[in-house]
Amino acid sequence: MKTVGLYGGSFNPVHVGHLIVASYIAQWSDIDEVWLMLSPLNPFKVQDRELLPIQPREDMLRLAVNNNCFLDICDEQLNMPVPSYTVDTLDSLSKTHPDISFRCIIGSDSWSGFTGWKEWERIISDYGVIIYPRPGYPVDDKSLPEGVIIVNAPSVDISSTFIRRAIAEGKDVDYFVPEAVNRYIKSNNLYKK
């Protein structure tokens, strides 16, 4: 049975930090592939005024992982009620792909509030959780419940918020986002003031 790590996010925009984590987990863990799943509206970020519509975020995500052999895009949440919840998405994917074992991938920042997620205990027991490090959010791996592991993925202290602000200030983000994504942002005049 193939094992797929599901890495969800707003990806507003996708940046090299996202891709480094996804690539690391796909190659240096027991995961066969990582699917980056675009969240149309994060239940914890319903008031995000900077959130682009789905289509440009999806376009950028597709450009970022184009033809990668161990990364793919998952559009499952785009067909679900908004806001969508991880447990419902995992359940839906498991029904659609009974030959795949899914794991939930989250940052250590999200782990600190994981008990606020819908059916968080069932996510752990039915699917498992892989935590990657985020600066300022240490996790004691000895305190993790069964079904939860932490991977020592490289920690890149950049965020989509940082990228958006940099673009709005006229900064060059060539090395922060994939080249094709940067071209898309520039040609569509995204994130400008």
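1. A good place to start is Tyr132, which counts as buried at 9% relative accessibility. Please keep in mind throughout that this is a predicted model. Tyr7 counts as buried too, at 4% relative accessibility. The two belong together in what follows.

2. By the ring-centre rule, there are eight aromatic pairs. In the pair of Tyr7 and Tyr132, the ring centres are 5.6 Å apart and the planes stand at 70°, so this pair is edge-to-face; the angle needed for that label is over 60 degrees. Distant parts of the chain are linked here, since Tyr7 sits in strand E1 (residues 2-9) and Tyr132 in strand E5, 125 residues apart.

3. Another pair to look at is Phe114 with Trp120, also edge-to-face, with 6.5 Å from centre to centre and 75° between the planes. Phe114 counts as buried at 1% relative accessibility, whereas Trp120, at 25%, counts as partly exposed. Both are members of one aromatic cluster, together with Trp111 and Trp117.

4. Now for the nonpolar cores. The largest has 36 residues, and Tyr7, Val14, Ile25, Val34, Leu36, Met60 and Leu71 are those with the most contacts inside it. Two or more residues come from each of H1, strand E2 (33-38), helix H2 (54-65), strand E3 (71-74), strand E5 (129-132), H6 and H7. H1 gives the most, with six residues. Apart from this core lies another, of 22 residues, among them Phe102, Phe114, Trp117 and Leu144.

5. Leu71 makes a handy viewpoint on the larger core. Setting aside neighbours within four places in sequence, Leu71 is in contact with Leu19, Ala22, Ser23, Ala26, Val34, Leu36 and Val65.

6. Does the geometry of helix H1 agree or disagree with what its length predicts? Helix H1 (residues 16-28) has 13 residues, which at 1.5 Å a residue should span 18 Å, and the C-alpha atoms at its ends are 17 Å apart, so the two agree. Its buried residues are Gly17, His18, Leu19, Val21, Ala22, Ser23, Tyr24, Ile25 and Ala26.

7. Helix H6 (residues 160-168) has Ser160, Ile163, Arg164, Ala166 and Ile167 as its buried residues. Looking down the axis of H6, these fall within an arc of 165°, so they line one face of the helix. The cover over them includes H1 and helix H7 (179-187). After H6 comes Gly170, with a positive phi near 80°.

8. Pro154 lies in the loop between strand E6 (148-150) and H6. Is Pro154 buried or partly exposed? With a relative accessible area of 39%, Pro154 is partly exposed. Not counting residues up to four places away in sequence, Pro154 touches Ile20, Val21 and Tyr24. Of these, Val21 and Tyr24 are among the buried residues of H1. For a sense of scale, the C-alpha atoms of Pro154 and Glu76 are separated by 28 Å, with their positions 78 residues apart along the chain.

9. One last residue to click on is Asp91, placed in helix H3 (residues 86-96). Asp91 is buried, with a relative accessible area of 18%, which falls under the 20% cut-off. Leaving out residues up to four places away in sequence, Asp91 touches Arg122 and Tyr127.

Key
Residues numbered from 1 in each chain as written. Predicted model: local features only at pLDDT ≥ 70, side-chain atom pairs only at ≥ 80, totals over all residues. Heavy atoms only, no water. Helix = DSSP H or I, 4+ residues; strand = E, 2+ residues; numbered from the N terminus. Buried < 20%, exposed > 50% of the residue type's maximum accessible area, 1.4 Å probe, protein only. Contact = heavy atoms within 4.5 Å. Expected span 1.5 Å × (residues − 1). Arc of directions from axis to C-beta. Core = buried A, V, L, I, M, F, W, Y, C linked by side-chain atoms within 4.5 Å. Phe/Tyr/Trp six-rings, centres within 6.5 Å; stacked < 30°, edge-to-face > 60°.
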